[in-house]
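User: Hi! I would like to go through some labels and ask what stands behind each one. Could you show me the model to start with?

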Amino acid sequence: MEQEVQRFMTDNQLMEKGNTVLVAVSGGADSMALLSLLADMRAEWSLTIYVVHVNHQLRGEESEKDCMFVQNWCRKRAVHFREYRVDVNAQKQTEKVGTQAAAHTLRYQAFSTEMNRVSADVLATAHHGDDSTESVLMKLNRGTTPYLRLGIAAKRDFEQGSLIRPLLCVTKEAILKYCNEKEILYRDDSSNESEGYTRNRFRKYVVPELKKENPLNHIHIRRFEEWQHDDNKVLMELAEDQLAKIVMVKEKDTVIIDKDRYLKLAIPLQRRVIHLILNCLYNKGIVRDFSSYIEQIELFLQSHSNFASIDLRNGLKVYRENNCYRFTQEVYVESDTYCLELNVPGMISTPLGMVGTELLPTIGEETVECMYIPVSSFSSPLFIRNRRPGDRFNPKGLNGSKKVNRVFIDRKIDLPRRHDWPLLVDSAGNILWILLLHKAELPKQQAFDHYVRIAFVGNT
């Protein structure tokens with residue numbers, strides 16, 4: 001087994017000669033085999049070895065004996081040893097998580113602290129091939145996105161160095177055989193027999209049945225998982241590039257992307273773009289499983305109708321708008337109704353920008369941004385207000401009246417903008433102009449009439 005593990009370490013560049021290695025040791029067969037193997041490599045590889053033992057204090061006297069066992073081993077072989085005692089039950093209460101999750105968090109906090117204390121280059125843990133197989137099967141069975149790693153990485157960044165798993169190339173059976181051949185003593189953890197933990201059930205019932213079909217399944221599953229992880233890494237990088245090209249707005253709580261450009265992407269990239277956006281808005285850097293959300297959003301965005309929204313957890317909403325898709329955690333509250341008197345001449349600020357008026361003796365050329373109104377055709381004074389329920393007007397060039405909201409729909413005005421959109425009305429409540437969108441049909445001007453010119457002048 002030594003040759004197989006050393007070859008695996010060399011092929012995957014897990015560590016280098018002269019490294020300072022921190023070994024996580026529980027006292028079980030896996031970690032004692034790893035510790036013994038690395039200790040035997042000390043001279044040839046010029047390694048400095050430190051051992052860290054995390055006492056979870058969950059099994060009373062058994063936990064204390066585990067610690068003393070590892071400490072005595074280190075003393076006899078002149079290996080640096082340090083124990084960290086953690087309160088798993090307190091962590092469970094604080095974080096509202098299960099025993100395994102709480103223990104994992106505290107364990108890696110201890111590893112981090114000790115790695116920094118001894119300035120280690122690598123942290124070595126004793127995860128083996130069957131552990132990785134169990135992880136893959138558990139995640140697939142529970143349901144997970146393929147964008148997160150399924151198995152256990154042989155090497156990843158950790159603190160100032162790397163976290164390595166030298167035993168991923170071997171099985172539990174091989175480790176037990178190695179311990180027997182080398183007369184390596186170890187402690188059995190009684191909690192590994194508890195069927196209250198999902199991993200233990202997979203370890204006792206699922207994996208053994210698969211090994212009956214193929215004893216080398218850990219090799220094939222690890223290869224598949226590693227290649228799938230590499231493929232996904234490339235696709236995620238492509239998705240990041242595409243997101244940068246289609247994003248229209250990226251703020252703290254909002255991401256808006258171009259609808260047409262998004263729909264031109266291949267579906268695998270579309271899904272990853274959604275994943276990246278959700279991770280940005282939800283996690284601020286912590287990758288999570290959004291598979292159910294991605295599926296829900298994917299179906300929603302494929303709809304051909306324009307204006308709609310869906311609600312996700314923690315206040316996130318996705319809007320399907322005219323030419324874009326908007327993902328936001330901003331709380332949208334319709335603004336209060338407003339009604340502002342428009343003096344002639346004068347200038348007034350609206351949600352769209354500034355609107356100015358002037359009195360003229362003759363009519364000029366009308367444009368989309370300006371309108372001439374005969375003084376005799378409206379009831380003074382003029383007002384700028386937002387829409388009201390049931391608003392209708394008589395559109396220029398059309399017979400009969402039309403709902404203001406229908407104009408917004410026809411002109412593809414996004415939902416959040418409709419409530420604030422300014423309307424020009426007279427004192428009798430007649431809508432004269434939906435600014436920039438549609439003017440009303442007005443009575444013919446009288447002889448010797450004067451005109452009020454109303455013009456949108458933007459944000460100046």
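Analyst: Gladly, and here is the yardstick for accessibility: buried means under 20% relative accessible area, exposed over 50%, and partly exposed in between, with a 1.4 Å probe and protein chains only. This is a predicted model, where local features need pLDDT of at least 70, side-chain atom pairs count only at pLDDT 80 or more, and totals for chains, interfaces and linings use all residues. Residues are numbered from 1 along each chain as its sequence is written, and side-chain values use heavy atoms, with hydrogens and water left out.

User: Why does Gln13 count as exposed?

Analyst: Gln13 has 60% relative accessibility, and exposed means over 50%, so Gln13 counts as exposed. Gln13 also has a positive phi of about 50° although it is not a glycine.

User: Where is Gln13 placed?

Analyst: Gln13 sits in the loop between helix 1 (2-11) and strand 1. Helices (H or I, at least four residues) and strands (E, at least two) are DSSP runs, numbered from the N terminus.

User: Why is Ser46 called partly exposed?

Analyst: The value for Ser46 is 46%, and partly exposed lies between the 20% and 50% limits, so that label applies to Ser46. Ser46 is in the loop between helix 2 and strand 2 (48-55), and its phi, near 55°, is positive in a residue other than glycine.

User: Which residues does the "binding site" annotation cover?

Analyst: The unreviewed UniProt entry lists Ser26, Gly27, Gly28, Ala29, Asp30 and Ser31. UniProt positions are given in the numbering used here, feature names are shortened, and annotations may be inferred rather than shown by experiment.

User: Is Asp30 buried or exposed, and why?

Analyst: Asp30, in helix 2, has 15% relative accessibility; buried means under 20%, so Asp30 counts as buried. Leaving aside neighbours within four places in sequence, Asp30 is in contact (heavy atoms within 4.5 Å) with Ala126, His128, Leu167, Lys172 and Ile175.

User: What does Ser26 touch?

Analyst: Not counting residues up to four places away in sequence, Ser26 touches Ser31, His53, Asp66 and Val70. Ser26 lies in the loop between strand 1 (20-24) and helix 2 (29-45), and at 45% relative accessibility Ser26 counts as partly exposed.

User: Which peptide bond is cis before Pro345?

Analyst: The bond from Val344 to Pro345 is cis, with omega near -5°. Pro345 is in the loop between strand 12 (339-342) and strand 13 (346-350).
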